[in-house]
Amino acid sequence: MSTVIPVIVFELQLYANPYPVLVSLVYLQLPASGEGMDVVLRYADKSVLTPYVYPDTWPEDDPIRQVISLLLVTNIGGYLLYLSTATISYLFIFDKRLMDHQQFLENQVKLEILYTLKSVPLMSLPTVLLFFLEVRGHSKLYDDVGTSKLSWLFVLTSVATFILFTDMCIYWIHRFLHHRSIYKYIHKDHHRWKVPTPYASHAFHPLDGFLQSCPYHIYVFLFPLHKYTYLALFVFVNIWTVSIHDGDYRVPQILKPVVNGSAHHTDHHLFYSYNYGQFFTLWDRIGGSFRNPSAFEGKGLLEEMLKAQASKGPQTNGHASNGIVKNGKME
């Protein structure tokens, strides 16, 4: 059964006056509701689960089997995606001089990894319920781009709306998690890492991690999205999450006012009440929580550390976990 949805289309009328923009309502016919995770699930069934794990008498579309399979796929895939992207970032991008900072914890990399490995299975439980709804066809994911009236233009537009929608939602969820009645129970653990490495990217309390991932899942129940685009975006947001913890503060000058990068998020770890955004600085500016990154002003962690070392001579890493940062300086 196909799905018919109304889509607002903005058409530019070059020679129309006085209204150059015409808003029209197009009814877009999509194929039957698809699933994003069914692509992964079918591959897992065909390659491993059906021939080697489950008995032949257990149908692949059995709901209980699907839930069990999704738990396996989500956990194994989550571990592989996290460990591979964080390790690549740590080896080739992360500035390891930051590990000499006074607030870098003893054995911090190990602690970040262990915390994540413990959290992922619990994070996956509510996530799998949402994946299950997708697999059973309750989302607006669709298969064939060719059947869409807007074709590839709609796919490209949906990528932009997905990022904008999730950026807005994550900002408010993240800010909610900093509320004094919530913070110490859920989000405080992620702020243990004052000087985060890429391995801190997924080191969340399980409920914290799930809540901040909810917009990615909610989107496909509200708006149509091509299933392979959805899977690509799912990988992208995980890579982005690693990238804002990688300690590489370089951003093209033209994008500095717009993109919420590692410099912004590092200041968030240090100063708590600023730069809640995920992809852009828009909602921080609207919400009054924007802070120009210290690293952009020559007052970042590395600059302060190098200045201190230059003034006091060579120092070893004291691994002080209780240092206080005020106005971009250690006290």
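**Helices, cores and a cavity**

Over residues 152–173 the chain is 100% helix and 0% strand, with the end C-alpha atoms 31 Å apart; helices here are DSSP runs of H or I with at least four residues, strands are E runs of at least two, and both are numbered from the N terminus. This is a predicted model, where local features need pLDDT of at least 70, side-chain atom pairs count only at pLDDT 80 or more, and totals for chains, interfaces and linings use all residues. Residues are numbered from 1 along each chain as its sequence is written, and side-chain values use heavy atoms, leaving out hydrogens and water.

An unreviewed UniProt entry annotates 67–93, 113–132 and 152–173 as "transmembrane region", though such annotations may be inferred rather than shown by experiment. Residues 113–132 are likewise 100% helix and 0% strand, and their end C-alpha atoms lie 28 Å apart.

Now look for the largest nonpolar core (buried Ala, Val, Leu, Ile, Met, Phe, Trp, Tyr and Cys residues joined through side-chain atoms within 4.5 Å; buried means under 20% relative accessible area with a 1.4 Å probe, protein chains only). Among its 28 residues, Leu 70, Phe 162 and Leu 225 touch the most other members. Helices supplying at least two residues each include H2 (63–92), H3 (108–135) and H4 (151–177), and H4 gives the largest share, five residues. A second, separate core of 17 residues includes Ala 86, Phe 104, Val 109 and Met 305.

Finally, turn to helix H8 (residues 262–271), which provides four residues, the largest share, of the lining of the second largest cavity. That lining includes Tyr 249, Asp 267 and Leu 301.

Key: 1 Å grid on protein atoms, 1.4 Å probe; cavity = no way out; pocket = protein on both sides within 12 Å on 5 of 7 lines; lining within 4 Å. Buried < 20%, exposed > 50% of the residue type's maximum accessible area, 1.4 Å probe, protein only.
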